[in-house]
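I sat down today to look through one structure and to keep notes on its interior, its aromatic side chains and its surface.

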Amino acid sequence: MTADAVTVELWAARLPGPFRFAEHCWLLVRRSDQCDRWEVWQNADAGGESWGHVHRNLMAPTAGIRNHLAYGLHRWCDEEADQLARRIETAPHAYPWCHTYRYVPGPNSNTFVQWCLEERYRLRWRSVGAGYARRRWS
């Protein structure tokens, strides 16, 4: 990767307990030696750098949820990654639900990720709340 190259990765982990059918998604923005994890968490201002429920680096980039391992779902490179990284990094000022969180129907962590991705990628059925963002585009 060149010094100015950026990649964006979509990651997920299953939720614990009775919600283990569902997954929590987040995005990684990688530039050279820097990797930032972007996600929405159910608690506002829970750690890392935060803007309400939107967090950067709350957890390690590929840390799972409790005892559930993380897994990569997709990766973007080149111009598409540049565009996506700009959208993610401006989310603290543009994401309409920074200060609102509801498990179901959303907005939640998966709403945030789907909002960032727009139509580039559709989150899976396990990503409860992803449809909340899509309904608002219609």
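The entries below follow the order in which I looked things up.

Entry 1, the main core. I kept in mind from the start that this is a predicted model. I looked up the largest nonpolar core and found that it has 31 residues, with V8, L10, Y95, F112 and L117 making the most contacts inside it. I then listed the elements that give two or more residues to this core, and these are strands 1, 2, 3 and 6 together with helices 1, 3 and 4. Helix 3 supplies the largest share, five residues. I also noted another core apart from this one, of seven residues, including A13, W26, C35 and I65.

Entry 2, V8 and I88. Leaving out residues up to four places away in sequence, I found that V8 touches L27, L28, V29, H74, R75, W76, A81, L84, A85 and I88. I followed that last contact to I88, which lies in helix 1 and counts as buried because its relative accessibility is 0%, where the cut-off for buried is under 20%. With the same sequence neighbours left out, I88 touches V8, L27, V29, W38 and C116. I also checked I88 against A12, which is 76 residues away along the chain, and their C-alpha atoms are separated by 16 Å.

Entry 3, the aromatic pairs. The structure holds seven aromatic pairs, and I looked at two that involve Y95. Y95 and F112 are edge-to-face, at 5.1 Å centre to centre and with 90° between the planes; Y95 sits in the loop between helix 2 and helix 3, while F112 is in helix 3, 17 residues apart. Y95 is buried at 5% relative accessibility, and F112 is buried at 0%. Y95 and W115 are also edge-to-face, at 5.3 Å and 70°, and because W115 lies in helix 3 and Y95 in the loop between helix 2 and helix 3, this pair ties together parts that are 20 residues apart in sequence. I recorded one aromatic cluster formed by Y95, W97, F112, W115 and Y132.

Entry 4, S109. I found S109 in helix 3, where it is buried with a relative accessible area of 4%. Beyond its neighbours within four places in sequence, S109 is in contact with H24, C25, V40 and Y101.

Entry 5, the surface. I ended with a nonpolar patch formed by F19, F21 and W125, which together have about 400 Å² of accessible area. F19 is found in the loop between strand 1 and strand 2, and it counts as exposed because its relative accessibility is 51%.

Notes: Residues numbered from 1 in each chain as written. Predicted model: local features only at pLDDT ≥ 70, side-chain atom pairs only at ≥ 80, totals over all residues. Heavy atoms only, no water. Patch = residues over 30% accessible without salt bridge, like charges linked within 9 Å, V, L, I, M, F, W, Y side chains within 5 Å. Areas by Shrake-Rupley, 256 points an atom, 1.4 Å probe, with all protein chains shown as cover. Salt bridge = Lys/Arg side-chain N within 4 Å of Asp/Glu carboxyl O. Buried < 20%, exposed > 50% of the residue type's maximum accessible area, 1.4 Å probe, protein only. Core = buried A, V, L, I, M, F, W, Y, C linked by side-chain atoms within 4.5 Å. Contact = heavy atoms within 4.5 Å. Phe/Tyr/Trp six-rings, centres within 6.5 Å; stacked < 30°, edge-to-face > 60°.
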